[in-house]
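Trainee: I would like a close look at one part of this structure, namely its aromatic rings and their surroundings. Please begin with the chain as a whole.

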Amino acid sequence: MNKDKNPFLKLVAMTIRGILRIYDYICYRPKVIYTNKDVKKYIKKNPVIFVPNHFSYRDGPTCYFLFKNSSLIVARDWYERKWIRLAVYGKPVIPIDRQGLDTAWLRDASDMYKAGKHIFIFPEGHTNSFKEIDEFKAGFVMLSIMTGAPIVPMYIDGSTEVFKGKRLKIYVGEVEELDSEGKGMNAQYLQKECKRFRQMVVDMREKYEKG
């Protein structure tokens, strides 16, 4: 979790983020589409866990820019790159070790949620530009169990064609709760909920890519 307060580095980081935001808006013209307008109202007042598919490296920054009061789970191998750390300096970012048994991020994410921030987790664990959405990892389910946070599935249609006018579209699903049946930190329950939420994202892809 980034708690640094160096004013000069904060200014540099804000400048970098400003440039990236302008680039993002010019090149991809991202558009958020709510499948239910009540969800938009809900997330303005209540923190949630967002679980999108992971189409591209730009997904994290784009979601960061579009959804206020958010914190982002970032792979530690990316977070340790100097230019990434500089770009997110002073912002709520939570690094996670994708290769090990890192659980410290759960505590940090829980603190972020309790402070009223949305948590973005990309449960595939890596970018995947192919049509097939990979299996979800259980971190988001564990965090929801710990905090009671509702979960909002998202589908990122990142197949933009800038010069043909096709925009990056982010579809925001319903506010969902974990299934109460068998709820707990056991492998069977975690796997079941991972499959259920992955299917929600797959269903959104199939519905809105045809629309």
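What share of the contacts in the chain with a separation of 6 or more comes from residues 24 or more positions apart? After that, please turn to the aromatic pairs.

Mentor: The model is a predicted one. Residues 24 or more positions apart supply 70% of the contacts in the chain with a separation of 6 or more. The secondary structure amounts to eight helices and seven strands. Of the 211 residues in the chain, 46% count as buried. The exposed surface of the chain is about 11600 Å², and 55% of this area is supplied by carbon and sulfur atoms.

Against that background, the aromatic rings can be taken in turn. With ring centres required to lie within 6.5 Å, the count comes to eight aromatic pairs. One of the pairs joins Phe136 and Phe140: the ring centres are 6.0 Å apart and the planes stand at 85°, so the arrangement is edge-to-face. Planes over 60 degrees apart are what that label requires. Both Phe136 and Phe140 are buried.

A stacked pair is formed by Tyr155 and Tyr171, with 6.4 Å from centre to centre and 20° between the planes. Tyr155 belongs to strand E6 (residues 151–157) and Tyr171 to strand E7 (residues 169–172), so this pair ties together parts that are 16 residues apart in sequence. The relative accessible area of Tyr155 is 5%, and this residue is therefore buried. Tyr171 also counts as buried, at a relative accessibility of 6%. The cut-off behind both assignments is under 20% relative accessible area.

Two further features involve aromatic rings. Phe50, Phe67 and Phe120 make up one aromatic cluster. At Tyr28, the ring has the charged end of Arg58 sitting over it, 4.0 Å from the ring centre.

Helix H6, which spans residues 104–114, also has aromatic residues on its buried list: Trp105 and Tyr113 appear there with Leu106, Asp108, Ala109, Ser110 and Met112. The cover over the buried residues of H6 includes three strands, E3 (70–75), E4 (93–96) and E5 (118–120), together with helix H7 (139–147). After H6 comes Gly116, which has a positive phi, near 95°.

Methods
Residues numbered from 1 in each chain as written. Predicted model: local features only at pLDDT ≥ 70, side-chain atom pairs only at ≥ 80, totals over all residues. Heavy atoms only, no water. Buried < 20%, exposed > 50% of the residue type's maximum accessible area, 1.4 Å probe, protein only. Helix = DSSP H or I, 4+ residues; strand = E, 2+ residues; numbered from the N terminus. Contact = heavy atoms within 4.5 Å. Phe/Tyr/Trp six-rings, centres within 6.5 Å; stacked < 30°, edge-to-face > 60°. Lys NZ or Arg CZ within 6 Å of the ring centre and 35° of its normal. Areas by Shrake-Rupley, 256 points an atom, 1.4 Å probe, with all protein chains shown as cover.
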